[in-house]
Amino acid sequence: IVIFQEEIRSFFYRIGSSFNIEHLKKIRHQQNAQKQVDSILKACSNLSNSNTGALLVITDQQELKTYADTGEIIDAALSSSLIENIFFKNTPLHDGAIIIKNGRIWSAACILPISKRTDLPKQYGLRHRAALGLTEKTDAIAIVVSEETGRISVAQGDSIHTVTTNELEHKYLAPVYGIS
């Protein structure tokens, strides 16, 4: 050890300088974000397949406390099972929206403002109009699963579009969760 002391020190220095803790934090954040996106996608897909209506709101920068306070504060870990259970018909929290904040289900059974637009297609029901009503006023995105058709729609800003789960993931959720 004494003879190779300088080489050992140099070896450990090279390992230490290439070990970047910020890089590891970024990888961990990406993994957690992807897990949350996967939970939302799985829940939306399952709800769509069973024609179970749902309205999920994902916050961005603006505070949605006013809307969260209209429902039940949950502050629970985000999981597909919990989302599906909340929207299961005849459960106490199935009416209204859930609000997802910082990767957690913040509140459920929330009442959202209804869009006043008169140019929306007839097939858009109250969930779609509530999703649009909120996104017209905030920077949040809202995901709607239609009870009648099982189609998934996303409202952002003043527009609403029917999407596939692939579009939902890559066009809407990945940017919100910072996944590249």
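**Exercise 1. In which sense do S1 and S3 pair, parallel or antiparallel, and over how many bridges?**

Step 1: Get your bearings. This is a predicted model, where local features need pLDDT of at least 70 and side-chain atom pairs count only at pLDDT 80 or more, while totals for chains, interfaces and linings use all residues. Residues are numbered from 1 along each chain as its sequence is written, and side-chain values use heavy atoms, with hydrogens and water left out.

Step 2: Know the terms. Strands (E, at least two residues) and helices (H or I, at least four) are DSSP runs, numbered from the N terminus. Two strands pair if DSSP finds at least two bridges between them. Such pairing goes through backbone hydrogen bonds, either parallel or antiparallel.

Step 3: Look at the two strands. S1 and S3 pair in the parallel sense, over three bridges. Find Ile-58 and you'll see Ile-100 of S3 opposite.

**Exercise 2. Work out what is on the other side of S1, and how buried S1 is.**

Step 1: With S5, strand S1 pairs in the antiparallel sense over five bridges. Leu-55, for instance, has Val-144 in S5 as its bridge partner.

Step 2: Check burial (buried means under 20% relative accessible area, exposed over 50%, partly exposed in between, using a 1.4 Å probe and protein chains only). Five of the five residues of S1 are buried, so the strand is largely enclosed by the rest of the structure.

Step 3: Sort the side chains. Ala-54, Leu-56 and Ile-58 point one way, Leu-55 and Val-57 the other.

**Exercise 3. Put the whole sheet together.**

Step 1: Seven strands make an open, mixed sheet, in the order S2-S4-S3-S1-S5-S6-S7.

Step 2: S2 (72-77) and S7 (159-163) sit at the edges with a single partner strand each, so one side of each has no neighbour in the sheet.

Step 3: Zoom in on S5 (residues 141-145) and S6 (residues 152-156): they run antiparallel, joined by five bridges. Val-145 has Ile-152 in S6 as its bridge partner.

**Exercise 4. Describe helix H6 and what follows it.**

Step 1: Compare spans. The expected span is 1.5 Å times one less than the number of residues. For 13 residues a straight helix would span 18 Å, but H6 (residues 165-177) spans only 16 Å between its end C-alpha atoms.

Step 2: List the buried residues of H6: Leu-168, Glu-169, Tyr-172, Leu-173, Ala-174 and Tyr-177.

Step 3: Step off the end. Just after H6, Gly-178 takes a positive phi of about 70°.
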